[in-house]
Amino acid sequence: MSNNFEDIPQLVKNQQDAVKTTVEALPKSAQRISAETADYLKQYFKNWTDFAEKLRGVTTFDEVIKLQTEFAKSSYESFVAQSTKMFELFTSLGKEAYQPIESNLTRATDLAKAQVEAVTDAATKAPFKSGANAR
């Protein structure tokens with residue numbers, strides 16, 4: 001039976017390094033998300049202000065409806081585009097956070113499987129003694 005317990009200290013160190021790498025990457029992703037959100041909000045409020053200015057110059061109800069429809073359509077399209085960007089940023093954040101840890105988890109799982117297989121093989125090959133002969 002092989003003994004994989006010697007690998008555990010290195011595995012723990014690797015995991016600590018991976019967690020450190022993940023924690024260091026999080027602020028960068030958070031800054032990208034914050035900057036993107038701020039840019040979107042600035043553009044949204046600019047668009048809203050422009051809409052309000054145009055609305056002040058409208059003289060008929062039909063023009064109001066047309067202007068409101070255009071604003072609603074462009075706001076919706078902008079929102080959908082921004083939602084897609086935010087989804088991509090959060091997906092990227094999740095991947096960045098998980099990637100350093102993933103390889104260590106795979107290695108730990110492989111070591112645990114090997115250890116279980118070794119113990120199982122040893123147990124099945126060992127002679128079984130029962131009753132008075134077990135001593």
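**Cavity lining.** I started with the lining of the largest cavity, where helix 1 and helix 2 each supply at least two residues. I keep in mind that this is a predicted model. Which residues line the largest cavity? I listed Tyr 44, Asn 47, Ser 74, Ser 75 and Ser 78. Helix 2 gives the most here, with three residues. Sorting the lining by class, I got one nonpolar, four polar and no charged residues.

**Cavity count and volume.** How many cavities of 30 Å³ or more are there? My count came to one. For the largest cavity I noted a volume of about 40 Å³.

**The two helices.** Next I looked up how the helices run. Helix 1 covers residues 8–56 and helix 2 covers residues 61–125. Their axes come within 10 Å and cross at roughly 180°. Angles over 145 degrees count as roughly antiparallel, so I put helix 1 and helix 2 down as roughly antiparallel to each other. I then split their contact by class: 25 nonpolar, 13 polar and six charged residues.

**One spot across the pair.** I picked Ser 34, which lies in helix 1. Is Ser 34 buried, partly exposed or exposed? I found 46% relative accessibility; partly exposed runs between 20% and 50%, so Ser 34 counts as partly exposed. I also checked Ser 34 against Met 86: the two are 52 residues apart in sequence, with 10.0 Å between their C-alpha atoms.

**Aromatics.** Back to Tyr 44, one of the residues lining the largest cavity. I searched the whole structure for aromatic pairs and came away with four. For the rings of Tyr 44 and Phe 45, I have centres 5.6 Å apart and planes at 70°. Plane angles over 60 degrees count as edge-to-face, so that is my label for the pair of Tyr 44 and Phe 45. Which residues form one cluster with these rings? I wrote down Tyr 40, Tyr 44 and Phe 45 as one aromatic cluster.

**Exposure of the ring pair.** I looked up both partners. Tyr 44 has a relative accessible area of 29%, so I call Tyr 44 partly exposed. Phe 45 comes out at 51% relative accessibility. The cut-off for exposed is over 50%, so Phe 45 counts as exposed.

**Note to self.** Tyr 44 turns up twice in these entries: in the lining of the largest cavity and in the aromatic cluster with Tyr 40 and Phe 45.

Notes: Residues numbered from 1 in each chain as written. Predicted model: local features only at pLDDT ≥ 70, side-chain atom pairs only at ≥ 80, totals over all residues. Heavy atoms only, no water. Phe/Tyr/Trp six-rings, centres within 6.5 Å; stacked < 30°, edge-to-face > 60°. Buried < 20%, exposed > 50% of the residue type's maximum accessible area, 1.4 Å probe, protein only. Axes fitted to C-alpha atoms, helices over the stretch in contact; angles between N-to-C directions. Helix = DSSP H or I, 4+ residues; strand = E, 2+ residues; numbered from the N terminus. Parallel < 35°, antiparallel > 145°, perpendicular 65-115°, else oblique. Nonpolar A, V, L, I, M, F, W, Y, C, P; charged D, E, K, R; others polar. 1 Å grid on protein atoms, 1.4 Å probe; cavity = no way out; pocket = protein on both sides within 12 Å on 5 of 7 lines; lining within 4 Å. Points joined across faces, edges and corners; volume = space filled by probe spheres on them.
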